[in-house]
Amino acid sequence: MIILLPFFTGMVWSAILALEYRRSDPARKMLMWFILANTGLMLIRALIVAGERESFDLIRCLYIFFLLVVFPVGYIYIRRLTSPVPASKSELWLLAPAVGASAAGVIAYFIALVDWHPIEIFARVILPIEVIMMAVFGEMAIRDYRHNIENYYSDTTGKRQKPMYRLLSAYIIFSLFKSVALSLGAPLNTDMVLVTVVSLCYTVLIFAVAYVGSKASFNAGNFALDIRKDESEVLDHGTMIRVSELMRQKQLYLRPGLKITDVAMELCSNRSYVSEYINRQFGMSFCDYINSLRVEHAKSLISQNPECDLTDIY
């Protein structure tokens, strides 16, 4: 029963993450796929150990698929966690070894003339390479992300992804150790004591990664939103100063037939942006904004010269 523990753990967390899938950001969506890939791997592993399969069959084809798909999906999850760049079709090429090897395995199963031993050898060679590549490129992505965070925020609490970084590092180290041990012929899938230890380790790692990932409230997507928001606020503040100075110094509002394009030309900006800015900043149209300035100007003239004729002001 213990051998199924990582499968049940992953299944529960996959269901929890799936329920929130539509409302989730790209990183949390990819976390669900990473946990789901581990769940599939743990189920097939349990079936192989329980059946003590030595011959090549469809179950072992699925085992090769999940074994080779977990780490590319894990790397894509790290990318979504540390980079605001949208997912691209080129990332699907990372799944090519898993798809190719399992497809070749299916062909070998149905066509007995095809030798399946090279397929397993290929999987054993590719697996450590995938683990190392996830470790190296994942470390680079996380390091760049943390560098950017530390150079933007004074308070990086909850933003540097330290817990997830440590958990994924533990996952990678354990998986690398396991893949090397299997390549050297260690009985990790036959000795029940070792099977139990491996199952418990995977259970803890899957639960911890899923829990920490689901509770994380900040990632590269939030970072990108903060940058866009701050840049917009800085731009708005600069525009506000320029519009105010332009109206005070040149008193454009006194110009008959003033158009918003006249203001945009003075600001070296475009009409749409100036209009949107005035609407958002002052809560009124361009016409109402200019008229309000004219009314204030008229009040100022009257206060300075109470005996003046209103028709002269008009």
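**Reading salt bridges, cores and surface in a predicted model**

Modeller: Let us begin with a single pair, in which the side chains of Arg160 and Glu150 meet in a salt bridge, with 2.6 Å from N to O. The pair joins distant parts of the chain, Arg160 lying in the loop between α5 and α6 (162-183) and Glu150 in helix α5, 10 residues apart. Please keep in mind throughout that this is a predicted model.

Biologist: Why can side chains of opposite charge pair?

Modeller: Side chains of opposite charge can pair when their charged atoms come close. In this structure the rule gives a count of five salt bridges.

Biologist: For the pair you began with, are Arg160 and Glu150 buried or partly exposed?

Modeller: The cut-off for buried is under 20% relative accessible area, so Arg160, at 17%, is buried. Glu150, in contrast, has a relative accessible area of 41% and is therefore partly exposed.

Biologist: Which side chain meets Arg60 in a salt bridge?

Modeller: That partner is Glu120, and the N to O distance between the two side chains is 3.0 Å. This pair also links distant parts of the chain, since Glu120 belongs to helix α5 (residues 117-150) and Arg60 to helix α3 (residues 58-82), with their positions 60 residues apart. Glu120 is buried at a relative accessible area of 15%, and Arg60 counts as buried as well, at 16%.

Biologist: How should I read the salt bridge between Lys299 and Glu296, and where in the chain do these residues lie?

Modeller: The closest N and O atoms of Lys299 and Glu296 are 4.0 Å apart. Both residues are in helix α11 (residues 286-304), and because they are three residues apart, about one helical turn separates them. Glu296 is partly exposed, its relative accessible area being 48%.

Biologist: Turning to the overall fold, how many helices and how many strands are in the protein chain?

Modeller: The protein chain has 12 helices and zero strands. As for contacts in the protein chain with a separation of 6 or more, 69% of them are accounted for by residues 24 or more positions apart. One pair that is remote in sequence is Leu225 and Pro84, which are 141 residues apart along the chain while their C-alpha atoms are separated by 9.2 Å. Leu225 lies in helix α8 (residues 220-250) and counts as partly exposed, at 48% relative accessibility.

Biologist: Which residues touch the most other members of the largest nonpolar core?

Modeller: The core has 53 residues, and those touching the most other members are Phe34, Ile35, Leu68 and Val209. At least two residues of this core come from each of α1, α2 (26-51), α3, α4 (96-110), α5, α6 and α7 (192-215), and the largest share, 15 residues, is supplied by α3. Separate from this core there is another, of 16 residues, with Leu258, Val263, Ala264 and Val274 among them.

Biologist: Which residues is Ile35 in contact with, leaving aside its neighbours within four places in sequence?

Modeller: With those neighbours set aside, Ile35 is in contact with Gly10, Trp13, Ser14, Leu17, Ile206, Val209 and Ala210. A further example of a buried residue is Ser175, which lies in helix α6 and has a relative accessibility of 4%. Not counting residues up to four places away in sequence, Ser175 touches Phe71 and Tyr202.

Biologist: What share of the residues in the protein chain is buried, and what makes up the nonpolar surface patch?

Modeller: Of the 314 residues in the protein chain, 40% are buried. The accessible surface comes to about 18,000 Å², and carbon and sulfur atoms hold 64% of this area. A nonpolar patch of about 700 Å² is made by Ile121, Val125, Ile129, Ile132, Met133, Val136, Phe137 and Met140. Ile132 lies in helix α5 and counts as partly exposed, at 45% relative accessibility.

Biologist: Finally, which elements have the lowest and the highest mean pLDDT?

Modeller: Helix α12 (residues 310-313) has the lowest mean pLDDT among the elements, at 53, and helix α1 (residues 5-19) has the highest, at 95. Over the protein chain the average pLDDT is 82, and 87% of the residues score at least 70.

Methods. Residues numbered from 1 in each chain as written. Predicted model: local features only at pLDDT ≥ 70, side-chain atom pairs only at ≥ 80, totals over all residues. Heavy atoms only, no water. Helix = DSSP H or I, 4+ residues; strand = E, 2+ residues; numbered from the N terminus. Buried < 20%, exposed > 50% of the residue type's maximum accessible area, 1.4 Å probe, protein only. Contact = heavy atoms within 4.5 Å. Areas by Shrake-Rupley, 256 points an atom, 1.4 Å probe, with all protein chains shown as cover. pLDDT = per-residue confidence, 0-100. Patch = residues over 30% accessible without salt bridge, like charges linked within 9 Å, V, L, I, M, F, W, Y side chains within 5 Å. Core = buried A, V, L, I, M, F, W, Y, C linked by side-chain atoms within 4.5 Å.
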